[in-house]
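Work through the exercises below with the model open. Each task is followed by a stepwise solution.

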Amino acid sequence: MPLIKLVNITKRFGKITALNDINLSVENGEYICILGPTGAGKTTLLRIIAGLLELDEGEVYIEGQLVNDVPPEDRNTVYMFQQFALFPHMDVWQNVSYTPSIKDWDNDKINYVTSEILEMVRLAERRDAYPKELSGGMQQRVALARGIASGARILLLDEPFGALDARLRVNLRSQLRALVKSQKLTTIHVTHDQEEALMTADRVVVLRNGRIEQIGDPNQIYSKPRSIFIANFVGGANFIEGNVKKVDDEGSLIEFRDDFQLRVSTPSTNVGEKVVVTVRHEDTLIRTHPVIGSNNFSCHIESRIFIGDSMVYVLKLENGITKSSKGLLSDNYVIHNIGKQRIFSFQPGKCLIFSYPQTGLLQEIEAV
Amino acid sequence: MLLKPKKPVSSSKLVVWITLIGFIVLVLLPTFYLISYVFLEWDEVRFEVFENPIIGDENWKQMLKVLFFSFRLSFSTVIFDLIFGIPLAYILARKNFPGKSLLEDIVTLPLVMPTSGFGFATLITWTTVAGLGGVLGLNSGLIPLDAFIPLVNVPFIVFIVHVTLTFPYIVRTLATKFRSIDITYEVASRTLGANPLTTFRKILFPLSIPGIFSGSVLAFARSLGETGATIIVAGVSSTASIAIVRWTSEFKLATASFMGSLLVIIAWIIILPVELYLGQGKRSLNVPFVVPISLTNRILKFENYVSKKLSRLKDLVPLFIVAVTVIVPILAILNSVILYWSADPYTGKIEGGVWNQLFGPSQYFNILLRATLTSIIVALVSTFIALCISIPLVFIIERKWYGPPIRSILKIPLIIPTSSLGLSVLLLWVSQGFNLIGSGIWLIILTHIVFAVPVIVESMIAAYEGSDISMYEDSARTLGATAYNAIETVSLPLIKGGIITGFILAFTRSLGETGATFIVMGRDITVPALVVNMVEALAIPAALFTSTYLIILSMFLLVIIRITTRGP
């Protein structure tokens, strides 16, 4: 039995439909990331699970029980706000022992539980500090400790790294995951940062305009995106618009601008259909000679961007379209100079094919 | 784990209902009863005001004259306040200098100052030899009591009192508004080449229009309703508020309530468009017409010139005004008490001394003690009851869909002239309405509740909206707190500062309230009303002492506000 089950959840704010027919099951102990751009409905969904927001249609089940009418304090969930919402008039100790003390546990138990948990998040020495005296990372740990001390088995994290600076964010991701996993908590983590989602989650739920676009493990989401939107939002890619010319045993042949042709190993359905082919930047190569068995296009290097561990090139094909290629800067990596003639090459197996979106390609990739 | 479905929350419904009923009966009803009374007693109004067999419509003419005078006074007061209040608010919001918090306290002082005592202090300062006149070596007051300001034709001394009492509304509202506007806009404008004055005109001013309006509304309403200080300094001239007091004391209740209704309605006709405009949530005002380039250039040149030459002046003049209107009167009255302590310093008679009047045959000291007790009981009880209504009311205002209209209705008691309010309460509870209680301490308490509720609610709302209460409450809820628990352990502690500030503001206002109290008090006299009585009985030294006593009391309370709101 799934721990949390959402059935046909719909939520409207006036004329805007924030969530549209959401179905999702979360297993006990699972770490789920809900990933989506701003305004996708991520926070709304999280607040509905917590009981902080009433839904218009659908059902929320926790431990198999319908909780639509159960108030937030009885749902066994704890909601962690982006700003952590540590009570400013209470010190660290009072914040962490908040639930035990309002539930009137006996003092020994409160003391034991609170000090155990403070020890665990390495904040035992700061027990008398007030929230504003702590750094962002410490505040986050206090918020987590407070959530764990509440005894709730479900942790709802709303952009937990949003209020922290970029370097700290990366360091804390794995710490957070390790901590909640060690406590065997079930976690739903909302973020707009694809890297964060891929690094922390067991499963990623991609949300867009109030609908679930794809659910899958990080690897699936990255390598088998179900839509152009996801391909672009998670990782980024080259997009090539074209028409299906031929479908055979080896896949499809796509014709794009100026009768250029490329091979995709997945067979597409209809000959003549307008499609978009995607290929990840890092799945492309820049060579001096064509690569056998790959799609090869002659191009020249327009510009390049140095990113530290890798280099991104902007290339112009002979039919005038611009594409990008990313290469890891390993020891034997050849750096190409701007203006040089090169071959842009990628394997048919690395390509994905999507039918052309009704609203146009730009709409899909610029809505991020 | 057992998940309970939501229980029907009957107890919280009950709290909401009790609060709303208390609010309607104690706060709203008295403010609206006045107007309905005019219709109920229309025959009497017609007889007294329009068709009096002896004097015809003389009373009506008198009313128009008084109303016209009142509005002239309030308008000129607000304009003067704005001219000098804007620079002062700017200094308080944007500059840092030693003594800034002291300056803020001094600006706030008239808000908590008992008006009758303060009016008396101002009177001493300007028109007697014990004030500025004496300091400057004249043998009389600096200005005669009947000096008029040309153009607007209002008495100088009344104007000064009104400016002093309304100035804090403009300065505080605007300083808060200025602080809420990100300073980077101004910095951007300066780096783009605009001088400070042009920056103010093009950037800060348009952005703070709502603040300017709401401050002006408060100041205007305060001036229109001011009774306590005005009654002491007005001399022969009469404002609408004072006229209501006089008619009430002559038992011409219908006339007085007709006048009060006129005042309230006209005030609303002026204020309502501003409120509606503010309610639309507009953030700025765009000038709807095009200014010709040549004029713009001339304005810019002027602003460049003024920015360079007069920047000091703009800082110093408002400070000078605050010093002269607030500090000097306090010093002057202290000085007078010392001068008059044992005997009249000019005639040498001990009957003219403070000591003799307090402890001599007239026994003013005993009356003063009694009045102090009455005042404190009134202030404590009314503020406490108001607090009981206000705390749940704030939560209703913030959370229920009908909260915003309640909040705007709450402005009515703030702008209703205090003497009209007193009359209204008197009519409702005593003579014509419920006929439940007589004049006296309970009626004073009922009157003070009416203005204490909006004062407390406003300062609580400021605290509520200043901290992200709903986030903290949601957080507490998911941590296992019930709605009631969350309010008790999280929300109330977080807005504690606002509650205490509201309590003290309402308490001091009750302590100093004169206009309404004077009408409803019967035999239970309060200290500010005692000052008025003393002045009318020409017991000047006793009035001096009582005013000083009141002023020191309220300054003491202001210090407490400072300490309690400073906390973490």
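**Exercise 1. Determine in which hand helix 21 of chain B passes helix 24 of chain B, and how the two helices are oriented.**

Step 1. In this predicted model, the crossing of helix 21 of chain B with helix 24 of chain B is right-handed.

Step 2. Take the geometry. Helix 21 covers residues 441-466 of chain B and helix 24 covers residues 496-512. Their axes lie 8 Å apart, at an angle of about 155 degrees.

Step 3. Classify the angle. Angles over 145 degrees count as roughly antiparallel. Helix 21 of chain B and helix 24 of chain B are therefore roughly antiparallel to each other.

Step 4. List the contact. Helix 21 of chain B contributes residues including His448(B), Phe451(B), Val455(B), Ile456(B) and Tyr464(B). From helix 24 of chain B come, among them, Gly497(B), Gly498(B), Phe503(B), Leu505(B) and Arg509(B).

Step 5. Sort by class. This contact of helix 21 with helix 24 of chain B holds twelve nonpolar, seven polar and one charged residues.

**Exercise 2. Describe how helix 4 of chain B packs on helix 7 of chain B.**

Step 1. Helix 4 spans residues 100-112 of chain B, and helix 7 spans residues 156-180. The two axes come within 8 Å and cross at roughly 125 degrees.

Step 2. That angle makes helix 4 of chain B oblique to helix 7 of chain B.

Step 3. The hand of the crossing between helix 4 and helix 7 of chain B is left-handed.

Step 4. On helix 4 of chain B, the contact uses Val107(B), Thr108(B), Pro110(B) and Leu111(B). On helix 7 of chain B, it uses Thr164(B), Leu165(B), Phe167(B), Pro168(B), Val171(B) and Arg172(B).

Step 5. Seven of the residues in this contact of helix 4 with helix 7 of chain B are nonpolar, two are polar and one is charged.

**Exercise 3. Is helix 5 of chain B mostly covered or mostly uncovered? Check its span as well.**

Step 1. Helix 5 of chain B runs over residues 115-127, 13 residues in total.

Step 2. From first to last C-alpha, helix 5 of chain B reaches 18 Å, close to the 18 Å expected at 1.5 Å a residue.

Step 3. Burial settles the question: 13 of the 13 residues of helix 5 of chain B are buried, and the helix is mostly covered.

**Exercise 4. Which parts of chain B touch chain A?**

Step 1. Count the contact. On chain B, 21 residues are in contact with 29 residues of chain A.

Step 2. Locate them. Helix 22 (469-478) and helix 23 (483-494) of chain B each supply at least two residues of the side touching chain A. Helix 22 of chain B gives the largest share, six residues.

Step 3. Classify them. The side of chain B that touches chain A has eleven nonpolar, six polar and four charged residues.

**Exercise 5. Locate Glu159(A) and Asn209(A), and compare their burial.**

Step 1. Glu159(A) is not a glycine, yet has a positive phi of about 45 degrees. Asn209(A) also has a positive phi, near 45 degrees.

Step 2. Glu159(A) sits in the loop between strand 7 (154-158) and helix 6 (166-182) of chain A. Asn209(A) lies in the loop between strand 9 (203-208) and strand 10 (211-216) of chain A.

Step 3. Glu159(A) is buried, because 20 other C-beta atoms lie within 10 Å. Asn209(A) counts as partly exposed, with 16 C-beta neighbours inside 10 Å.

Note on methods
Residues are numbered from 1 along each chain as its sequence is written. Chains are lettered from A and ligands numbered from 1 in the order in which they are written. This is a predicted model: local features need pLDDT of at least 70, side-chain atom pairs count only at pLDDT 80 or more; totals for chains, interfaces and linings use all residues. Two residues are in contact if their C-beta atoms, placed from the backbone, lie within 7 Å. Helices (H or I, at least four residues) and strands (E, at least two) are DSSP runs, numbered from the N terminus. Ala, Val, Leu, Ile, Met, Phe, Trp, Tyr, Cys and Pro count as nonpolar, Asp, Glu, Lys and Arg as charged, and the others, Gly among them, as polar. The expected span of a helix is 1.5 Å times one less than its number of residues. A residue is buried if 20 or more other C-beta atoms lie within 10 Å of its own, exposed if 12 or fewer, and partly exposed in between; C-beta atoms are placed from the backbone. Axes are lines fitted to C-alpha atoms, for helices over the stretch in contact, and angles run from 0 to 180 degrees between N-to-C directions. Angles under 35 degrees count as roughly parallel, over 145 as roughly antiparallel, 65 to 115 as roughly perpendicular and the rest as oblique. A crossing is left-handed if the near helix is turned anticlockwise from the far one by less than a right angle, and right-handed if clockwise.
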